[in-house]
Amino acid sequence: MTADLPSASTSTSPAAEIRAAIVDITPAMVAAAPIGLLYGALATAKGMDVVDVLLASGLIFAGGAQLAAVQIWTYPVPIVALLVSTLLINARYILMSASLAPKVAHLRLLGRIVGFHVLADENWAMSERRAGGGRISAPYFFGMGAVFWVNWMAFSVLGALTGPLIGDPTRFGADFAFTAMFIALTAGFARSRTSVMVIVAAAASAALVHLTLGAPWHVLAGALTGIGVAAALGGGREERTA
Amino acid sequence: MTDQSATLVAILGMAAITFACRISGLLLGPRFRPTGRLRAAFDAIPPAVLTAVIAPTVLVTGPAETIAAAVAIVAALRSSMLVTILAGVAAVVALRHGFG
């Protein structure tokens, strides 16, 4: 931790900053809990053990990529497809970290690296809001990242431990909970005509490739089709929103 | 490679890629601000990838999954993630029973 460095954004105490961080991230932790349970249960149903789940949630710490990986997981393990899928899903972190970097530039490099390892959509958004264009304090940044990280690992492991006791999660339609969650996440991005066209194009392409080439290539094909549609349409929209 | 070691390689590889993406912003610095088509392409990544992952389940698995996905889409546009998940799961359980 680099809490010895001064926090420029606020004059409140470190304890108050950590409390504020926990209050801000609590709704996201509640929302992440069932997703973590589901991840652990689905991963063990695919043959991963509890240690695998703990490693994945602690080291990857990216729910979307982890759940997508479980979806395309098979034996022998399709390592290349898993890595490509992970890169495609997590490429957004390049932009998110570039945006947050100047707000933590006053912290030690090692601290920034550790803190950015636990940068997820939710705590990134909260940190950006807290910074408000200025700096963010070390206790707030690290406190929030730490509790959100531990929360995700704890519920993933709980899901991995309880999943086998409950039995095949697909009996309860739990496999479809993943699909429904991705529909909810996707709907959050469907804010413009361009994004709706991206979604339609990606869906059509992925379904077609799944029928022809098969899994897991539909992920790459669908993603590239959607991204291509956005790039083709993108120039004009940018001027209006800029 | 055994399944166990392949699992470990996959997890560590996914972790390394994710870490590289998260750290890259610290190297790119605040001047990396894509505009125009590049920005549009970056913005499209999350919905395009999320859609591509679930498209086979939604479109080419069976009528129960397709109809339940339609129910979930309606719920997602009107309600919270929790309601969307509950509605989608309830629909797929009922429809799989009906079509089964």
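Leaving aside neighbours within four places in sequence, Gly40(A) touches Val53(A), Ser156(A), Val157(A), Leu158(A), Gly159(A), Ala160(A) and Gly163(A). The model described here is a predicted one. In this model Gly40(A) sits in helix 1 of chain A, which covers residues 14–45. Gly40(A) counts as buried because 29 C-beta neighbours lie inside 10 Å, where 20 or more are needed. By contrast with these contacts, the C-alpha atoms of Gly40(A) and Ala204(A), which stand 164 residues apart along the chain, are separated by 30 Å.

Several of the residues around Gly40(A) return in a helix pair of chain A. Helix 2 of chain A packs with helix 8 of chain A (residues 138–166) at an angle of about 160°, and their axes are 9 Å apart. The two helices are therefore roughly antiparallel to each other, since the angle is over 145 degrees. Helix 2 of chain A passes helix 8 of chain A in a right-handed crossing. From helix 2 of chain A, the contact draws on Val50(A), Val53(A), Leu54(A), Ser57(A) and Gly58(A). Helix 8 of chain A supplies Trp152(A), Met153(A), Ser156(A), Val157(A), Ala160(A) and Leu161(A). By class, the residues of this contact divide into eight nonpolar, three polar and no charged.

The loop that follows helix 2 has a backbone feature worth a look. Phe61(A), in the loop between helix 2 and helix 3 of chain A, has a positive phi of about 50° although it is not a glycine. Phe61(A) counts as buried, with 23 C-beta neighbours inside 10 Å. Another backbone feature belongs to the loop between helix 3 and helix 4 of chain A, where Pro76(A) lies. A cis peptide bond joins Tyr75(A) and Pro76(A), with omega at about 0°.

Helix 7 of chain A can be approached through one of its residues, Asn123(A). Asn123(A) is buried, as 26 other C-beta atoms lie within 10 Å. Not counting residues up to four places away in sequence, Asn123(A) touches Ile25(A), Met144(A), Gly145(A) and Phe148(A). The C-alpha atoms of Asn123(A) and Pro78(A), 45 residues apart along the chain, are separated by 31 Å.

Helix 7 of chain A (residues 121–131) also pairs with helix 5 of chain A (residues 92–100): the axes come within 11 Å and cross at roughly 25°. That angle makes helix 5 of chain A roughly parallel to helix 7 of chain A, because it is under 35 degrees. The crossing of these two helices is left-handed. Here Met96(A), Ser99(A) and Leu100(A) of helix 5 of chain A meet Trp124(A), Ser127(A) and Glu128(A) of helix 7 of chain A. The contact has three nonpolar, two polar and one charged residues.

Two further helices of chain A were compared with their expected lengths. Helix 4 of chain A has twelve residues and reaches 16 Å from its first C-alpha to its last, close to the 16 Å expected at 1.5 Å a residue. Its buried residues are Ala81(A), Leu82(A), Ser85(A), Thr86(A), Leu88(A), Ile89(A) and Asn90(A). Helix 9 of chain A (residues 174–189) has 16 residues and should span 22 Å at 1.5 Å a residue; its end C-alpha atoms are 24 Å apart, which agrees. Helix 9 of chain A is mostly covered, with 14 of its 16 residues buried.

The contact between the chains takes 79 residues from chain A and 60 residues from chain B. On the side of chain A that touches chain B, the elements giving two or more residues include helix 2, helix 4, helix 5 and helix 9 of chain A. Helix 11 of chain A gives the largest share of that side, 13 residues. The residues on this side of chain A divide into 56 nonpolar, 18 polar and five charged.

One helix pair bridges the two chains. The axes of helix 4 of chain A and helix 1 of chain B (residues 3–28) come within 9 Å and cross at roughly 25°. These helices are therefore roughly parallel to each other, and their crossing is right-handed. Helix 4 of chain A contributes Ile79(A), Leu82(A), Leu83(A), Thr86(A), Leu87(A) and Asn90(A) to the contact. From helix 1 of chain B come Ala6(B), Val9(B), Ala10(B), Gly13(B), Met14(B), Ile17(B), Thr18(B) and Cys21(B). By class, this contact has ten nonpolar, four polar and no charged residues.

Note on methods
Residues are numbered from 1 along each chain as its sequence is written. Chains are lettered from A and ligands numbered from 1 in the order in which they are written. This is a predicted model: local features need pLDDT of at least 70, side-chain atom pairs count only at pLDDT 80 or more; totals for chains, interfaces and linings use all residues. Axes are lines fitted to C-alpha atoms, for helices over the stretch in contact, and angles run from 0 to 180 degrees between N-to-C directions. Helices (H or I, at least four residues) and strands (E, at least two) are DSSP runs, numbered from the N terminus. Angles under 35 degrees count as roughly parallel, over 145 as roughly antiparallel, 65 to 115 as roughly perpendicular and the rest as oblique. A crossing is left-handed if the near helix is turned anticlockwise from the far one by less than a right angle, and right-handed if clockwise. Two residues are in contact if their C-beta atoms, placed from the backbone, lie within 7 Å. Ala, Val, Leu, Ile, Met, Phe, Trp, Tyr, Cys and Pro count as nonpolar, Asp, Glu, Lys and Arg as charged, and the others, Gly among them, as polar. The expected span of a helix is 1.5 Å times one less than its number of residues. A residue is buried if 20 or more other C-beta atoms lie within 10 Å of its own, exposed if 12 or fewer, and partly exposed in between; C-beta atoms are placed from the backbone.
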